[in-house]
Amino acid sequence: MDIKIKKGKIEEESAEAIVLCHFENEKSLPDETAAVDRALKGQIRMLVSSGEFTGKANQMVLLHLRGEIPAKRALVVGLGPKKEFTTEKIRQAMGPAGRRIREAGVKSFSTPLHGRGVNGITTAESAQAIVEGCLLGLYQFTPYRTEKREELRELDQITLVDRTEGKIAEVAGGSRNGQILAEATNYVRDLCNHPSNVVTPTRLAEEAQSIAREFGLTCRVIEKEEAESLGMGAFLGVARGSLEPPKFIILEYSGGKKKEPPVVLVGKSITFDSGGISIKPAEKMEQMKTDMSGGAAVLGTMKALAQLKLPVSVVGILPATENMPSGSAVKPGDVVRAMSGKTIEVINTDAEGRMVLADALAYAARYKPAAVVDLATLTGACVVALGNHATGVMGTSPKLIERLKKAGEHSGERVWELPLWEEYREQIKSDVADMKNVGGRGAGAITAAAFLQKFVGDFPWVHLDIAGTSWNDEARPYAPKGATGVGVRLLIQWLTENSRGRG
Ligand code: BES
Ligand code: ZN
Ligand code: ZN
């Protein structure tokens, strides 16, 4: 996608289409819309006064113009009530707007900076939200479609037009952020939407290596033999049933000061979760190709970080393997020894995410990290608790949890805290080993986190359960059905605040 920035007036823009907006039930049109409306002799006002267009969120009207202004079409979108207006509303309006224009067979459009100045939204924030919403909303996953490819439509160009003197650099900055974040998110979506016969642990390692090459990061892949000598018995226990070689992937970005301890991001990277010997029911098992969403989010975040050149040091760790049943698979009742030396009784081989994370979290301690955040499609229980609208968050640092919650509000990838009280640890006590890998019926998302906590060293740690937020059964304004690419926008928002010393 080509994104252009231009100083100029939207009513003078010669474009295939322009996008205008209106707030719900406001008497007057926003300035840019009003400027076009005057040139159109009140055509937009008429739509509003007739009651046909109220400005309700997600309302859209496409006008064909007849030479009153150079633009051929004007798409007017509703932004909802002014009082409730946020950048999320811009993203939610621009996703459908971009798709509407693409459906019309149009390849490009121009847009002013919607919502700038309303409720304190800056020029850069508006530009970012417009580009982000649009690029995310236009995402489509089509590599395996061989029929009727000629019917696929593509939008090639967006132009942000601003008449204000001295604001162009700010528009360009915001737009660039939006593009980097959306493209990294769409990269994560691709990795998760591809089937597990394509995105194998080996492929994830190749992706990490190619990010490292392209952006000058350091990548190291620990193979099975080395993992054995490191004593990663929890990670390797999960890998035992699979014919795909496991890969323990490490990607390092050093944007911070030399001696500054890094942030470590750990992403669950089960490229297919069949459940293992405790096999899952057939229904929806295909969705378990996305059980590497955490790892993919870490890769996308590393990519975005490097492009944004954020002044922070971040290490990404992806314990990547399949979870398969076979004659060599780990069995219920087996005891494995994790890298930390602790022993785990495997009650249910489908609780494999916490096993691979146990060794990854132990490995993270080597960096003496400033903070560790893990992302994992860890539990169905988290989906039951929060549905698809919030990522579950638990951890040892209330400050870090608070910051992630804030970053979630701002980025539109919301997180909600569940309690990690020590009483929950009772549920994972084992009769034969240091712990067991499941905690019984109650509080499944929390007992999973309580398990992880046993492998967390002396550093602030936060766990994000993205089981509910990594996949959409139904399309959303700026996320189609399928993988959502959750995580990148949340983590970059937090890391950006962090790098400004406000994180
Ligand atoms: N990958 C699943 C969790 C999951 C469920 C992700 C639904 C996305 C959607 C995880 O490995 C798993 O199977 N968890 C079990 C744990 C149980 C055996 C304690 C679960 O949640 O049922
Ligand atoms: Zn599982
Ligand atoms: Zn899993």
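In the predicted model, Ser269 is part of strand β10. Ser269 counts as buried because its relative accessibility is 0%. A polar atom of the Ser269 side chain lies 2.8 Å from the backbone oxygen of Gly267. When residues up to four places away in sequence are left aside, Ser269 touches Leu204, Asp291, Met292, Gly295, Leu318, Pro319, Ala320 and Thr321.

The zinc ion (ligand 2) is coordinated by Asp273, Asp350 and Glu352. Asp273 contributes an OD donor and Glu352 an OE donor, whereas Asp350 takes part through both O and OD. The coordination distances are 2.0 to 2.2 Å. Along the sequence, the donor residues follow the spacing D-x76-D-x1-E. The arrangement around the zinc ion (ligand 2) is irregular because its six donor atoms subtend angles of 70 to 166°. For six donors to count as octahedral, opposite donors must be over 155 degrees apart and all others between 65 and 115.

A second zinc ion is also involved: Asp273 bridges the zinc ion (ligand 2) and the zinc ion (ligand 3). These two ions lie 3.2 Å apart. The pair links distant parts of the chain, with Asp273 in strand β10 (residues 269–273) and Glu352 in the loop between β13 (343–345) and α10 (353–364). Asp273 and Glu352 are 79 residues apart. Both Asp273 and Glu352 are buried.

Ligand 1 is surrounded by 15 residues. The closest are Asp273, Lys280, Asp350, Glu352 and Gly380; Asp273, Asp350 and Glu352 also coordinate the zinc ion (ligand 2). Several polar contacts to ligand 1 can be described. An oxygen atom of ligand 1 lies 2.7 Å from a polar backbone atom of Gly380. A polar side-chain atom of Lys268 is 3.2 Å from an oxygen atom of ligand 1. In addition, a backbone N or O atom of Leu378 is found 3.5 Å from a nitrogen atom of ligand 1. Taken alone, ligand 1 exposes 520 Å², of which the protein buries 77%.

Glu286 is located in the loop between β10 and α9 (293–308). With a relative accessible area of 54%, Glu286 is exposed, since the cut-off for this class is over 50%. Ser269, by contrast, is buried. Glu286 and Ser274 are twelve residues apart along the chain, and their C-alpha atoms are separated by 8.7 Å.

Key. Residues numbered from 1 in each chain as written. Chains lettered and ligands numbered in written order. Predicted model: local features only at pLDDT ≥ 70, side-chain atom pairs only at ≥ 80, totals over all residues. Heavy atoms only, no water. Donors = N, O, S within 2.8 Å, 3.2 Å for Na, K, Ca; no water. Tetrahedral: all angles 85-135°; square planar, octahedral: opposite > 155°, others 65-115°. Helix = DSSP H or I, 4+ residues; strand = E, 2+ residues; numbered from the N terminus. Buried < 20%, exposed > 50% of the residue type's maximum accessible area, 1.4 Å probe, protein only. Polar contact = N/O pair within 3.5 Å; in protein donor to acceptor, adjacent residues only side chain to side chain. Contact = heavy atoms within 4.5 Å. Near = heavy atom within 4 Å. Areas by Shrake-Rupley, 256 points an atom, 1.4 Å probe, with all protein chains shown as cover.
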